[in-house]
Structures are given as C-alpha cells and as structure tokens.
Amino acid sequence: MRHRLPGVLVLPLAVTAGLALAPGCGGLPPGLPETPVQDWHLGPEVHVADTGPARFLAPLGRTYAPARAMELLGELEQMNLAPGNAAFDAELDRLAGLLREAGFDGTDPRLSLEFIAEEMDLPAWTPLGAEVTLLAPGAPPVVLHAFDDPTDPDRCLLPVNAPACEVVGPVALELAGIQPGAVFVTDVTLRQVLDRARMLGAAAVISASAFDFCVDPSGANRHLDAIQYRVMPEGNEIPVAQISPRSFRAIELAVLQAGSASEPVRLSLTARVHREERPLRTLVATIQGAERPAEAVAVMAHAQEWGACDNCSGVAGLLEGVRTLAGLLARGEIEWPRRTMVFLWGDEIRQSEIWLAHTDLDPVAGISCDMIGESAATGAILRLERGPDPGAITVLPPDEHTPWGTGRVDPELFEPNGLAVIARCALVDVGLATEGGWPSADHPWEGGSDHDVFFYHGVPGVLFWHFTDFVYHTSLDHREFVDPAELKRTAAAVLATALAVADARPADLDRYLRSLDLEERTRVDAATAAADQELAGMWRDWCRGARQWLRNLCLGIDEDLPVPRGSDR
C-alpha cells in the first residue's frame, strides 16, 4: 500500500521482460568496461566494478529460490489480512516459523527473532462477507458483487474498517438528490463525499472510484471489473462499499431506464465483519554485526495487505532473501557483515515507528520493500525512490515523477547521503547480470511508505517498488501478475544494497565516489541547461555531503569531517 498524495502525472515507461540473474564473478559478467551501456536504467550512470553490491550478487543469485518465495506468496494471498487481525497474526507466526527453520532459533546467538507488541488505536477488523444487489422495478434482483470467503475475487468490496450493516434504500447518484435513507452511489472517493452524504441522511455510500493510472495496458479493459481497495478513516460508522466501474454504469443505466417510474431503483448492501481488541505485532529478525553491532541497517516489508503484488511479493520476497542470507552466512559463503542487519514485517509505517521507538541500535539506513515482484503484464517496472534531495524540489531529466505524484518537500529534511548511489549500483549490477539488461528507474522522493519514517528520524531511506501497476490496490491483484524471475532480481538488489551498507569496506569507496561524480555531472549539467544555477549549487552541496557520508560509512568514521568547498573526491 502507499498512502496517496496529490501530484503531477507522467506517462509510464515502456516495459520489457528480463531473465533471471546470471552467475558470474561477483554477479557481473567478466570483461565489462568501467561504464558499460546502462540505457535500460532511467537515471544517472554508475561506475561498474566488482565492489559494493556486486560482491554479493553471485551467491545471492546462485541460492535464492524464487519457487519457494512464490509458494509462500500463494499461501499469504489466501489470507484475509488487515492490521492486527487473526489472519495477520497467523501470517507473522508463519514467517517466524520459517525463520526459525532457517537458523533464527537461538542456536546461533548472532541470529535473533522477536515480536514487538503494542496496543492498537482501533479494534482489529476482519471482513466475513458482503453483497451488493441491484433492485430495479420489474426486473429480478442482480447481485453486482459478493464474497463470503477470503479467496473470492470481490473480497475488497468492503473497505478496511467498514462497519457491519443491512441496508436497502433508493439510489441517489448526486449529492443534491440524497434523501434520508438513500444509498448514495458515486465514482469519486469515499473520503471526498462521506461527511456530506452522512449530513444529508444517506443510509450508505457506495463508490466506484479508481485511480487514473489503473488502466489495463493489454487493451482487454480488465480494469472495468476491478474493485478498488480502500481503507476507511478512524471513527467512520456509516455503511460503505466499493464496486467496479462496470457495476456503476449498470446502476446508472437502471436509474435512466426507470425514469420517473413510481417505484425507484434500490440497492441492497449487507456486510458482516468481526472486530476484536488485539495487540499489533511487529516481527523482527536480527543478524548481529561482527564489528559494529550497535549500528543497524533495517529492511522492511509491510504485511497487512493481501494483494499478491502489494504486498505479498514484498513479504515473501524478503523472507526468502533472509533465509538465503542466513544459509550463506552459516556456510561461510559470504563474510559476516560488519554492521547489524534488521528485517521487519508488520503494519506499514507503524512497523518502522514501533521498531525505532523500541530499539537501542543506531539505525544508519532504512530500505523499504513494497510491490517488488510485478510482471511485465502489469505495465510496471522496478523503481528506486530516493529520499528527499534537490531532485524533489525541481525535477529535471533524467528524473521524472511517477503517476503517484510528488509529496510536499521540505528542504530542511535534506540530509545528504549516498544510500541511493549504493542502491543504484545494485540495480545496475543486477541489470548487467541479466540478459538484455533490466528495465528500471530511479526517481525523486514521492512519499507514502516505510522509508519516510526513517528520514523523518534523520536516517537515510529508499524504497524499492514497481509502478505503474494497473492492478495496484484492486481486486485484480493476484498471483498471475507476479513474475518469479522479477521477484528474484528485485530481492537480490534489495539484499545486495542492504549488505553493501551493513558490510561497507574501504575498497568499496572508490566505486561509490566515482558513481557520485557521474551523478553530480548529470545533475549539474541538467540544472545548467535549464539556467537554474541555484539548483546546480544545491546539487553540488548535496554531493559534497554525500561524499562525506560514503567516506564515513566505508571507512568506519564516527564523526562528521569537514569537506572543503569545491573538493571533488
């Protein structure tokens, strides 16, 4: 899930299919030039070397099991997940059991597993069943949508936290037409009209809202039958439901055909839900660092949504990555990381807030795994979202925002760092080890997931995700839209990034600084071409600070050292 923000729209990038990681020295094919062709990645080029993330790709690519990740994804997709409910707890227990089998069972004191439990603001919510039925004069009832099982296609008919109800009332298609007891049907979002509809006496509000970018790229118009997944605000007690655009048109047509008939078109909405007081748990798996154990790299995958792409792919993809990593460490196939690595599964954003509030560790980076396995059929490619930097103030090529749109950027949040440089190196390394390259992009900060929590705490954060995805937050988000090879590629990039930060070495520094030089040249040239010298200066300052951050990371320097203005590397 991402928390929707207003913003500009851009056209999605073309999508091509890639293949699984190829083995090789450090994960990279031998004999590459320093800057081989990287035109399948939309973003600054990186300096290519067998250091940084490249050190980890060969063992990860050799042992990561996408079939095992997909098997777990299939289990999770069948669960009726919502924050803190019984299915959510069963999911976390399942993950914990797999992690114990992988070595997080107390045998090795360097591998630990724990749950953090906190009270929830609202009772845990579970949908049990719902039905929307069209009752037109002189016609048999038509069930537009219904579910009574968590695997039913229409299971997001009820927005999260919707109340139980049994409502029958005449249809109102405009706010001005609402009479007490009416069922208001609209194609705008529930949050836009809910308060007004309640004040006018609506008995229920039903929405066919859909994101503008959720359009089937195949031309088959599958999006017309999609129901949007929504979450209701705290305290709402008016009955609500989501329906598809096609059902909305059927209701409009029935009202038009009924005309001024004495008997109005009516809708019936029934909903069965279960609410109970439960704690909200966060699962934490920790690999203790060998040399700097008090410093931690955190990697998060939110577990409260049942969509195969969003976010069972993140949950299962990361879980398999941690199992793979634990095995590699146990067999001595990679060195034990210098810094501690922490992996979180829980409620999006809250999981990161909870861990940061409870930990005694010093976080140095936060990496969010959200929607990491989408197939080309969704129209999505892998994207790396950077934290707030000058590109979030003024967007110039090669940057462009996604259809998600930009968040409000506060320059005071700018804390120069090189985390995105390391992550970009990982993307390019995986692309170079993939036949035909790997379509990917990095883009300015837009906000809305766990990475936000970290940089609001002064810690660098990035997001790995796929967009533009036409099944995003819809009833169409099923396993058929997850590509096992893409899941493996993205998980490898995520794990290689996390390992590169946790186990940063002096030998990695040259590659990062050369890559940062390439980025600075790209950014400053773009700003100069746009006659924006202020932006050019912001990027120079940013890169100067990022150089120092990378030096500190790779050389193990604890304090910030001054860097003379105008210095390069």
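**Entry 1: Ser 244**

I began with Ser 244, which lies in the loop between β8 (240-242) and α5 (245-258). For these names I use DSSP runs numbered from the N terminus: helices are H or I of at least four residues, and strands are E of at least two. A note on the source: this is a predicted model, where local features need pLDDT of at least 70, side-chain atom pairs count only at pLDDT 80 or more, and totals for chains, interfaces and linings use all residues. Residues are numbered from 1 along each chain as its sequence is written, and side-chain values use heavy atoms, with hydrogens and water left out.

Is Ser 244 buried or exposed? I found it buried, because its relative accessibility is 2%. My cut-offs are under 20% relative accessible area for buried, over 50% for exposed, and partly exposed in between, with a 1.4 Å probe and protein chains only.

Next I looked up what Ser 244 touches, leaving aside its neighbours within four places in sequence. The list holds His 145, Ala 208, Leu 224, Asp 225, Ala 226 and Ile 227. A contact here means heavy atoms within 4.5 Å.

**Entry 2: β3 and its partners**

His 145 led me on to the strands. It is the bridge partner, in β4, of Val 132. Strand β4 (residues 142-147) and β3 run antiparallel and are joined by five bridges. I count two strands as paired if DSSP finds at least two bridges between them.

How well covered is strand β3 (residues 124-135)? It is mostly covered, with ten of its twelve residues buried. In the hairpin of β3 and β4, six residues sit between the strands, and Gly 138 takes a positive phi near 75 degrees.

I also followed β3 to strand β9 (residues 266-276), where the pairing is antiparallel over eleven bridges. Leu 134 is the residue standing opposite Leu 267 in β9.

**Entry 3: Leu 144**

Leu 144 is in strand β4. I noted it as buried, since its relative accessible area is 16%. Leaving aside neighbours within four places in sequence, I see Leu 144 in contact with Val 132, Thr 133, Leu 134, Asp 154, Ser 247, Ile 251 and Leu 267. I also checked Cys 156: it is twelve residues from Leu 144 in sequence, and the two lie 13 Å apart in space, C-alpha to C-alpha.

**Entry 4: Ser 268, β5 and β6**

Moving along to β9, I stopped at Ser 268. It counts as buried because its relative accessibility is 14%. Which residues does Ser 268 contact, leaving aside its neighbours within four places in sequence? I wrote down Glu 131, Val 132, Thr 133, Leu 135, Val 167 and Val 168.

Val 168 turns up again as a bridge partner: it pairs with Ser 268 in β9. Strand β5 (residues 165-172) runs antiparallel to β9, with six bridges joining them. On to strand β6 (residues 183-186), which pairs with β5 in the parallel sense over two bridges. There I found Phe 184 of β6 opposite Ala 172.

**Entry 5: the nine-stranded sheet**

I then traced an open sheet of nine strands with mixed pairing, in the order β1-β15-β14-β16-β13-β11-β12-β10-β2. β1 (41-42) and β2 (111-119) stand at the edges with a single partner strand each, so one side of each has no neighbour in the sheet. At the β1 edge, strand β15 (residues 440-443) pairs with β1 in the parallel sense over two bridges. Leu 42 has Ala 441 as its bridge partner in β15.

**Entry 6: Gly 458**

Where is Gly 458 found? I located it in the loop between α9 (450-456) and β16 (461-467). It counts as partly exposed because its relative accessibility is 38%. The C-alpha atoms of Gly 458 and Leu 157 are separated by 39 Å, with their places 301 residues apart along the chain.

**Entry 7: the whole chain**

I closed with the chain itself, which has twelve helices and 16 strands. Its radius of gyration is 25 Å, close to the 25 Å that the globule rule gives for 569 residues, so the chain is as compact as a globular protein of that length. That radius is taken over C-alpha atoms, and the rule is 2.2 Å times the number of residues to the power 0.38. The C-alpha atoms fill a box of roughly 80 × 60 × 40 Å along the principal axes. Buried residues make up 61% of the 569. Among contacts between residues at least 6 apart in sequence, 80% join residues at least 24 apart.
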